[in-house]
Amino acid sequence: MNISLFKYISLKKLINLFKIYLGYYLSIILKKVIVLGYPFSLTTEPSNNCNLHCLECPSGNDSSKRIKGNIDFELYKNIIDDVKDYIIYQMIYFQGEPFLNPEFFNLIKYADNNNIYTSTSTNGHFLSPKNCENIVKCGLKKIIISVDGTTQETYEKYRIGGNLEKVIEGIKNLVLTKQQLESKYPIAHIQFLVLKHNEHQIREIKSLAKSLGVNKLELKSAQIENFKENSDLIPTLEKFSRYNNKENDFKIKSKLLNRCFRTWSTLVVSREGTIVPCCFDKELQYSVGNVVNNSALKIWKSKEFAGFRKNILLNRGKTPICRNCTEGLRIKY
């Protein structure tokens with residue numbers, strides 16, 4: 001666990017962590033769903049709108065059947081009020097571009113005021129000097145910025161509609177603002193999605209990240225949903241591919257064990273208030289409830305959520321969203 005998270009852990013949260021792990025391992029051993037604790041991690045979706053059209057993103061490539069919009073701020077506050085005694089870490093991002101929500105900085109500030117470590121992920125097109133000042137002042141602790149190429153030609157092959165120069169300028173704005181305000185937060189990560197057309201730029205992205213002064217560079221493998229159209233995105237460098245490609249039968253490398261800690265530890269809430277078991281459920285196909293008309297903590301221990309967890313314990317491979325699931329092959333710089 002990141003050492004900076006410890007200041008967000010109270011005795012109650014620590015006891016809850018113990019309960020989570022105990023319930024999880026008992027569930028694996030007994031093959032029975034046992035949920036003793038409440039989530040210590042929260043994922044919320046500020047917006048499922050996006051300004052780019054990335055090839056494998058349902059929000060960007062318009063393949064999503066969900067109605068576009070932003071999370072209601074009052075609904076978000078209700079979620080935080082419900083879970084704040086247990087949540088240590090929150091990722092304020094699911095689908096879409098979070099900066100498109102005009103209440104984005106207020107979302108972060110409300111969570112920070114309630115002793116929750118906040119993180120987000122962005123395509124980096126909204127890092128103006130003013131926004132960077134707001135980022136630092138609202139209490140955001142970590143930001144992941146996607147930079148999937150070191151030239152515009154390479155970058156825009158995946159990040160369709162994106163402007164690499166603008167992203168780099170935005171990163172410079174953020175680093176400078178942190179210096180001016182004498183703040184070490186937010187910790188800034190560049191995330192480089194390794195694809196076939198950009199894998200030759202790994203050395204260059206390392207140099208770029210160092211020159212920009214970010215805290216970390218992550219080289220990440222790509223998740224492919226549409227193999228028929230986008231299998232050519234899969235890199236030739238074996239360690240950066242999630243898949244074993246044998247005669248175009250793409251199968252994930254990792255063994256799908258009948259367990260998943262995420263479903264015992266992380267609450268995922270869409271901008272509509274729908275709770276799903278995992279962030280891989282981008283289309284909300286496995287909804288277990290909605291916080292508009294129910295408590296998030298009640299849904300966490302509901303029969304519906306228990307049913308999904310039971311399927312994971314018995315045969316995880318039968319659940320479609322699980323068959324493409326992996327933390328990815330990350331190389332830390």
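Modeller: Two strands pair if DSSP finds at least two bridges between them. The model discussed here is predicted.

Biologist: Which residue of strand 4 does S121 stand opposite?

Modeller: Strand 3 and strand 4 (residues 142-146) run parallel and are joined by four bridges. Within this pair, the residue of strand 4 that stands opposite S121 is I144.

Biologist: In strand 3, which residue is the bridge partner of M91?

Modeller: On strand 2 (residues 89-92), three bridges lead to strand 3, and these two strands run parallel. The partner of M91 in strand 3 is S119. The chain passes from strand 2 to strand 3 through helix 3 (residues 104-113), in a β-α-β crossover that is right-handed. The bridge partner asked for is thus named as S119.

Biologist: Which helix makes a β-α-β unit with strand 3 and strand 4?

Modeller: The two strands are parallel. The unit they make is right-handed, and its helix, residues 129-138, is helix 4.

Biologist: Why is strand 3 largely enclosed by the rest of the structure?

Modeller: Buried here means under 20% relative accessible area. On one side of strand 3, Y117, S119 and S121 are buried, and on the other side T118, T120 and T122 are buried too. Strand 3 (residues 117-122) is therefore largely enclosed, the number of its buried residues being six of the six.

Biologist: What is the radius of gyration of the protein chain?

Modeller: The protein chain has 11 helices and 12 strands. For 333 residues the globule rule gives 20 Å, and the chain is close to that, so it is as compact as a globular protein of that length; its radius of gyration is 20 Å.

Definitions and conventions. Residues numbered from 1 in each chain as written. Predicted model: local features only at pLDDT ≥ 70, side-chain atom pairs only at ≥ 80, totals over all residues. Heavy atoms only, no water. Buried < 20%, exposed > 50% of the residue type's maximum accessible area, 1.4 Å probe, protein only. Right-handed = clockwise from strand over helix to strand, strands pointing away. Rg over C-alpha atoms; globule rule 2.2 N^0.38 Å.
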